[in-house]
Amino acid sequence: MHNPQLNKNGELTHLLTIEGLPRAVVTQILDTASSFVGISDREVKKVPLMRGKSVFNLFFENSTRTRTTFEIASKRLSADVINLNISASSASKGESLLDTIDNLAAMHADMFVVRHAQSGAPYLIAKHLTDTGRSHVHVVNAGDGRHAHPTQGLLDMYTIRHYKKDFSNLTVAIVGDILHSRVARSDIHALTTLGVPEVRAIGPRTLLPSGLEQLGVRVFTDMREGLKDVDVIIMLRLQNERMSGALLPSAQEYFKSYGLTTERLALAKPDAIVMHPGPMNRGVEIESAVADGAQAVILPQVTFGIAVRMAVMSIIAGN
Amino acid sequence: MHNPQLNKNGELTHLLTIEGLPRAVVTQILDTASSFVGISDREVKKVPLMRGKSVFNLFFENSTRTRTTFEIASKRLSADVINLNISASSASKGESLLDTIDNLAAMHADMFVVRHAQSGAPYLIAKHLTDTGRSHVHVVNAGDGRHAHPTQGLLDMYTIRHYKKDFSNLTVAIVGDILHSRVARSDIHALTTLGVPEVRAIGPRTLLPSGLEQLGVRVFTDMREGLKDVDVIIMLRLQNERMSGALLPSAQEYFKSYGLTTERLALAKPDAIVMHPGPMNRGVEIESAVADGAQAVILPQVTFGIAVRMAVMSIIAGN
Amino acid sequence: MHNPQLNKNGELTHLLTIEGLPRAVVTQILDTASSFVGISDREVKKVPLMRGKSVFNLFFENSTRTRTTFEIASKRLSADVINLNISASSASKGESLLDTIDNLAAMHADMFVVRHAQSGAPYLIAKHLTDTGRSHVHVVNAGDGRHAHPTQGLLDMYTIRHYKKDFSNLTVAIVGDILHSRVARSDIHALTTLGVPEVRAIGPRTLLPSGLEQLGVRVFTDMREGLKDVDVIIMLRLQNERMSGALLPSAQEYFKSYGLTTERLALAKPDAIVMHPGPMNRGVEIESAVADGAQAVILPQVTFGIAVRMAVMSIIAGN
């Protein structure tokens, strides 16, 4: 099947998921991001790569944090950004998703950054644009349902590469609610694509999806076993709505079994790094001493995230 | 009576309504818009005509779609845009409309784009600015109550001119809830001003205002009769709140009598165009096959709408 | 104790409060603002002083008006502005204030403009940034609880200096709910710092805080006595929530005792000016005839407010 993210020349034209993305494309994004990391330190943090382009932040699901990162990335690329919180507007007027897209595309949008509670919504949009002869309008998935959050996956890879240089000899553990996590899914695909030899998933059985082994992931329900000698620990956010649900006894119980404490962190390699996509629940999935400790690279993730989003946007806008 | 939209030289300084606007002014707007249509196709979709000007989008009534078109138009003219959703702020603090305007004008606003649920609010603002010696601050009506939506009327005229070239031999039908429609009112004044010989209004008697004949409009309650041999069909959106009201039996009944179907469209001229201000209620006022069909020019309306708003804003900012 | 707003060279690096600010710094801000007043009258109202800088408007408490003034000031300095209404986002996800700040700082923010219902929040943020080695990120207090609103205080000083030239022989009366007013507190510190010989506080005993005399303020509960021969009257907004509270009988009663009427204004010097931070409650703290009268300088305050905010932002960004 044709990869809907790539054009005829195999170049990235949408970013919908990391699954199936050629390693060369992933590497190109990381390399390009690298050139943008420096820009954020400069006096004038702007490049004119997307000057006069119109980027629409289409957030059908509220996320100030992610929206902000894309807004900043767009502005540093000199694009014009329009923020649309769609749940509050057309959706309430009964307009369909694709009618909304048609309308915005007719305003000569160059790029849609889409966050949607429904898995697959960005695909649907990209397919619709292609089917109607408007494949010059680009789509970036900023998180769709439980499916994918590719820019988070890419910024995680950037962070790992920054601290570990080489993917080919790493053991990476992802800890928490893998079942509901689009971040976990994107990370697993990215790690596999980049040749990480051992990817582990750690969590309670109720929060581990089936099929992880087929993706090449080793599954652990015991955190101490799972953390043994890992190079990278990616903690996941425990969604508030899960904590009160049937899948988990309580936040306290969760922390007792799967919270990352200083003592548990000691089971990993001494130079292991600790990552988290944020926002953190201190005392639920991670101890504050670890979150603020020397091995945490959680804030560098945020910094790299801007550069990675600039890279994705400028690459697809140029293709 | 002096037209409050024109300055002493007869130049457009506010856009409040199409009623009473000289044909030369309307034509100037359409001609200027024409020069902007090309800009949206360019690599860099910006012109510096309003660089450093401050445009305030004052939306006392929520409308993401209209607000977005003005925001894009402003940014493509290089203006600085400030979005203000007033219902949620000062209004709740009990500040009067004119105190709000005085304050924003004191911040050296150059233009107010005003959407308000009360008919006449933009007039009141324009008059107040003039009365207090600040006529250099411009007002654009982005829809006031049931009264007027002049930029929608102008973009409809642009669309008709684009497809039909000449207004002097057209028959144009406006279909639906004429009574509550500011779009209908603006379209009727624009069509009359531009010399369209036959303007028709089609709808159930309960949704037809009195006085249409005095405006030179032919009234039809039977859709088949009204659509006969027309060149242009402008469908109106049926507001959700009407559908459950006393004025209409139900959405299904409405569609049966006044929905634009393929079969009914065949009564119009073979090259008739179908317009709609959006957002559409598919299956209520228009059949999907028509909305997506070859005669529909609904998305071009949106595209032209950006150029028309750029034209209006740059013309009045220059006067 | 070291003043946390100043760097080692005694230059302003945050603006948290006027209390303790050297007179030279206050004067520098007013002088710089003076150079910006002219810019707002120009055709292109922009200077490139903050081009490529990222300013975050962090409004933990809603205030469209104040947010707008900072947004305009930022845009006229050519900065990129990101508006964040935090109450609606991360706060609801349970993230702590300092985690939010850490994240935004990691996006290479240059400046935080902070409005918060809790007194001291901007201090906490500035201290945290310094403690974690990020003192190049600047904080501007846009109003914290009952504590301070320094840019309002500064724009009030600018206004007084504009009309009265010299502070050294003035009598200034502040009228209303001094107890709950951060504006009053900032004005008192500013007036004292600039050498105003007589500062008066006028209000009902229930709305006068203790300790005013220690600040060098003369206290009056009788408005007629308090207004006698003053040069400047600063009216405060009566918060709606007070009017229904135990501290006040009713809005009508309040107006009867402390409303500024034409007749009472006559007790002040003939050339006295009337100020108000807005939004006004006409008929509660001020009569409309006074608000719109020749002695009112309420709208000039707004205009000067933009220039003063531009001055503050550009000065601290440069230090």
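Across the interface of chain B and chain C, 10 residue pairs come out in polar contact, counting pairs where both residues sit at pLDDT 80 or more. That confidence filter is there because this is a predicted model. If you want to find chain B's side of this interface by eye, look for β1 (54-59), β2 (80-85) and α3 (97-106) of chain B, each of which supplies at least two residues to the side that touches chain C. Sort that side of chain B by class and you get eight nonpolar, six polar and nine charged residues.

Some of the charge pairs up across the interface: between chain B and chain C the count is three salt bridges. One to pull up on screen joins the side chains of Asp110(B) and Lys45(C), with an N to O distance of 2.2 Å. That pair qualifies as a salt bridge because the cut-off between the side-chain nitrogen and the carboxyl oxygen is 4 Å. Stepping back to the whole interface, 23 residues of chain B are in contact with 26 residues of chain C. Put together, chain B and chain C bury about 2200 Å², and carbon and sulfur atoms give 49% of that area.

Now swing round to chain A and chain C. Here 26 residues of chain A are in contact with 23 residues of chain C. The buried area between these two chains is about 2200 Å², 49% of it on carbon and sulfur atoms. Which residues of chain A lose the most area to chain C? They are Lys45(A), Arg65(A) and Leu299(A), and together these three account for 20% of what the chain A side buries.

Salt bridges turn up here too, and the rule finds three of them between chain A and chain C. In one of these, Asp80(C) is partnered with Lys46(A), and the closest N and O atoms are 2.7 Å apart. As for polar contacts, 10 residue pairs are found across the interface of chain A and chain C, again with both residues at pLDDT 80 or more.

What about the secondary structure behind chain A's side? The elements giving two or more residues to the side that touches chain C are α2 (64-76) and α12 (298-318) of chain A. Of the elements, α2(A) gives the most, with nine residues. By class, the residues on this side of chain A divide into seven nonpolar, eight polar and 11 charged.

Technical notes:
Residues numbered from 1 in each chain as written. Chains lettered and ligands numbered in written order. Predicted model: local features only at pLDDT ≥ 70, side-chain atom pairs only at ≥ 80, totals over all residues. Heavy atoms only, no water. Contact = heavy atoms within 4.5 Å. Buried area = accessible area lost by both parts, 1.4 Å probe. Polar contact = N/O pair within 3.5 Å; in protein donor to acceptor, adjacent residues only side chain to side chain. Helix = DSSP H or I, 4+ residues; strand = E, 2+ residues; numbered from the N terminus. Nonpolar A, V, L, I, M, F, W, Y, C, P; charged D, E, K, R; others polar.
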